[in-house]
Amino acid sequence: MKKNMLIVFVLVTIFSCKNETNTNGKLNVVTTTSMITDLVKNIGGDYVNLQGLMGSGVDPHLYKASEGDVTKLVDANVIFYNGLHLEGKLVEVFEKMGSATKTPIALGEELDKSTLIGSDYFASNYDPHVWFDINYFKQFAQKVTQVLSEKNPENADNFKANETKYLAKLNELQSKIKATIETLPKEKRILVTAHDAFNYFGKAYDFEVVGLQGLSTATEAGVQDVQKLSAFIIEKNIKAVFVESSVPKRTIEALQAAVNSKGHDVEIGGTLYSDALGNAGTEEGTYVGMFEYNVNTIVNALK
């Protein structure tokens with residue numbers, strides 16, 4: 001806590017006396033989650049200097065700003081983050097920055113709150129995992145394009161052209177996903193994962209989604225949670241459950257053991273990417289590739 005407050009103090013001090021500057025005519029852009037980093041990479045292209053704070057497998061719920069992040073944030077012309085309290089440990093930092101000379105852009109806060117999934121167990125009262133509804137991610141793309149164009153109007157046409165190309169990719173992704181999911185009977189569309197990251201996916205594609213942990217991985221699953229969910233799996237005759245790349249797999253392994261101890265076989269259907277993309281340079285290291293991989297993994301395991 002003291003370390004985090006020191007970072008906040010340094011940020012406020014530096015921001016209060018620093019002018020916004022570009023490097024080689026390009027905007028310095030900092031992003032938090034790997035999904036948003038990939039989005040800005042597609043929209044900004046070669047016209048921005050982009051740095052992401054969180055890499056593959058990093059849990060944004062638990063991420064804390066390091067001293068190394070301070071320089072990136074100080075040098076940024078634009079900062080994009082998810083918001084809705086996804087980056088829980090960074091909220092205080094961003095709030096202090098907003099009261100200085102910069103206003104970081106919380107993309108999730110731009111969405112129509114009346115359409116979001118509510119939660120009494122999360123600080124914002126909304127499920128923050130909105131990128132699993134592709135329509136919301138399209139709105140993210142539009143906001144990123146708007147902000148970059150306002151900050152760097154000489155490249156506005158380039159940003160708009162990149163946005164058009166990327167939205168076409170997202171439209172194609174939606175078509176592919178729909179076709180794949182339609183091969184899975186509705187009665188088999190029950191998705192059991194490590195934590196509640198897939199509610200927007202479930203709402204969009206008619207899946208019943210159950211997470212062993214809550215919306216935030218900061219909440220540990222207890223013995224009662226494991227026993228309750230194991231009974232549900234047996235009752236529904238669910239064939240596979242899934243681990244997540246950014247969440248330790250021991251909780252799902254404990255769930256599998258609890259189910260198997262009651263004479264019911266349940267497989268671990270694979271690892272899903274939830275709060276972070278895959279490794280850079282791989283298909284799963286992009287938002288489009290991650291989404292396709294997740295859907296193929298889910299459908300193949302539950303068929």
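# Close-up views of a predicted model

**View 1. Helix 10 has a long list of buried residues.** In helix 10 of this predicted model, the buried residues are Tyr-287, Val-288, Gly-289, Met-290, Phe-291, Asn-294, Val-295, Thr-297, Ile-298, Val-299 and Leu-302. The helix covers residues 287-302, and its 16 residues should span 22 Å at 1.5 Å a residue. The C-alpha atoms at its ends sit 23 Å apart, which agrees. As a handy reminder, an α-helix has 3.6 residues a turn, so residues three or four places apart point the same way.

**View 2. Ala-280 sits in a loop.** Look for Ala-280 between strand 8 (267-272) and helix 10. Is Ala-280 buried or exposed? With a relative accessible area of 77%, Ala-280 is exposed. Now find Gly-55: its C-alpha atom is 8.2 Å from that of Ala-280, although the two residues are 225 residues apart along the chain.

**View 3. Four strands make an open sheet.** Here 4 strands line up in the order 2-1-3-4, with parallel pairing. Strand 2 (48-52) and strand 4 (105-106) are the edges, so to speak: each pairs on one side only. Strand 3 (residues 78-81) and strand 4 run parallel and are joined by 2 bridges. To spot the match-up, look at Tyr-81, which stands opposite Ala-106 in strand 4. Helix 5 (residues 134-151) packs on this sheet and touches strand 1 (27-31), strand 2, strand 3 and strand 4. The direction of helix 5 makes about 170 degrees with that of strand 3.

**View 4. Lys-143 and Glu-110 join up in a salt bridge.** The N to O distance between these two side chains is 3.6 Å. Lys-143 belongs to helix 5, while Glu-110 is in the loop between strand 4 and helix 5, so the pair ties together parts 33 residues apart in sequence. Lys-143 counts as buried at 16% relative accessibility, whereas Glu-110, at 47%, counts as partly exposed.

**View 5. Lys-186 and Asp-206 link two loops.** In this salt bridge, the closest N and O atoms are 3.8 Å apart. Lys-186 is in the loop between helix 6 (156-181) and strand 5 (190-195), and Asp-206 is in the loop between helix 7 (199-205) and strand 6 (208-213), so the pair ties together parts 20 residues apart in sequence. Lys-186 is exposed, with a relative accessible area of 59%, and Asp-206 is partly exposed at 44%.

**View 6. Glu-172, Lys-176 and Glu-292 form a salt-bridge network.** The count for the model comes to 7 salt bridges. Another one to find is Lys-249 with Glu-253, at 3.8 Å from N to O.

Conventions. Residues numbered from 1 in each chain as written. Predicted model: local features only at pLDDT ≥ 70, side-chain atom pairs only at ≥ 80, totals over all residues. Heavy atoms only, no water. Pairing = 2+ DSSP bridges. Contact = heavy atoms within 4.5 Å. Axes fitted to C-alpha atoms, helices over the stretch in contact; angles between N-to-C directions. Expected span 1.5 Å × (residues − 1). Buried < 20%, exposed > 50% of the residue type's maximum accessible area, 1.4 Å probe, protein only. Salt bridge = Lys/Arg side-chain N within 4 Å of Asp/Glu carboxyl O.
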